[in-house]
Amino acid sequence: MDLFPLYNSLRIAAICAVIVFFTGIAAAYYIAKLPRLLKGILDVLLTLPLVLPPTVVGYLLLLVLGPKRIIGSWFLEMFNQKLVMQWWSAIFAVSVVVFPLMYRTARGAFESFDETLAQAGRTLGLSKTYIFWHIRMPCCRQGVVAGVVLSFARAMGEFGATSMIAGYTPGHTATIATEVYQLWRINNDELALKWIAINIGLSAVVMLAVNLLECKNRTARRRLPSREVRA
């Protein structure tokens, strides 16, 4: 049993989780400060990949990154390398698909943040960067971590956009999702079920981690009032 699809899925999911961590947090933080109309428009645009069929996302990416398109042809001419049908091509597709999960989760965490804490930090002369990383992020860490974990889990199971932009090449671009599809096509149910079991096991572990984070967050919230009363 070739474990390359597992390795490839894990590295793509890990890279995408890092990418959407920073981009999702930045988008959630700065868009929250915009006027309501502009914020609403950007919110719709950034959340669209969450509701669009993944194949549509993959097709749109091909229109931009394909070797005969503007960006794809420029990259091919400059570096003699196509942006599609490589293992790392899936990073483009998966990042776009999972970005809304991180963005919306981070936005919800930031919206629940008590801004008086940031105001208190500014009165003490603390910089915006210090307040963000040492006050805002620790208070919102449960939601942010949950967003990263959910994004990683979604990235592990992405198929539609990945298959369109990266294709399926054994030992090169294969992921768990594309491997299962190809095994189904050749009627290799035994091996397909093994990969399905691996995928279910990984997904169960990720969801368990999310549930533990939520339980920890609820416990911390229950303890907060009692501490305030004692103070």
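Let's start with a pair of charged residues: R107 and D43 are both buried. Keep in mind as you look around that this is a predicted model.

What do R107 and D43 form with each other? They form a salt bridge, and the closest N and O atoms sit 2.5 Å apart. Now find the two partners along the chain. R107 belongs to helix 5 and D43 to helix 2, which covers residues 36-51, so their pairing ties together parts that are 64 residues apart in sequence. These two residues also have company: a network of salt bridges links D43, R104, R107 and E111.

How many salt bridges does the structure hold? The count is five. Another one of them joins the side chains of R136 and E115, with 2.9 Å from N to O. Here R136 comes from helix 7 and E115 from helix 6 (residues 115-123), so this pair ties together parts that are 21 residues apart in sequence. Are its two ends buried or exposed? R136 is buried, at a relative accessible area of 5%. E115, on the other hand, counts as partly exposed, because its relative accessibility is 35% and the partly exposed class runs from 20% to 50%.

Next, look at R154 and E158, whose side chains meet in a salt bridge at 3.9 Å, N to O. In this pair the arginine is the partly exposed partner: R154 has a relative accessible area of 30%. E158 is buried, with a value of 2%.

Now let's turn from charges to the nonpolar side of things. The largest nonpolar core has 45 residues, and the members that touch the most other members are I25, M102, F110, M137, V144 and I165. Which helices supply at least two residues each? They are helix 1 (4-31), helix 3 (54-65), helix 5 (89-111), helix 7 (128-156), helix 8 (160-165), helix 9 (176-185) and helix 10 (189-230). Helix 5 gives the largest share, with twelve residues. You've met helix 5 already, as the home of R107.

To get a feel for this core, zoom in on I25. Which residues is I25 in contact with, once you leave aside its neighbours within four places in sequence? The list is V20, M102, A106, F110, F132, M137 and V144. Some of these names should ring a bell: M102, F110, M137 and V144 are, like I25 itself, among the core residues that touch the most other members.

Notes:
Residues are numbered from 1 along each chain as its sequence is written. This is a predicted model: local features need pLDDT of at least 70, side-chain atom pairs count only at pLDDT 80 or more; totals for chains, interfaces and linings use all residues. Side-chain values use heavy atoms; hydrogens and water are left out. A nonpolar core is a set of buried Ala, Val, Leu, Ile, Met, Phe, Trp, Tyr and Cys residues joined through side-chain atoms within 4.5 Å. Buried means under 20% relative accessible area, exposed over 50%, partly exposed in between (1.4 Å probe, protein chains only). Helices (H or I, at least four residues) and strands (E, at least two) are DSSP runs, numbered from the N terminus. Contact means heavy atoms within 4.5 Å. A salt bridge is a side-chain nitrogen of Lys or Arg within 4 Å of a carboxyl oxygen of Asp or Glu.
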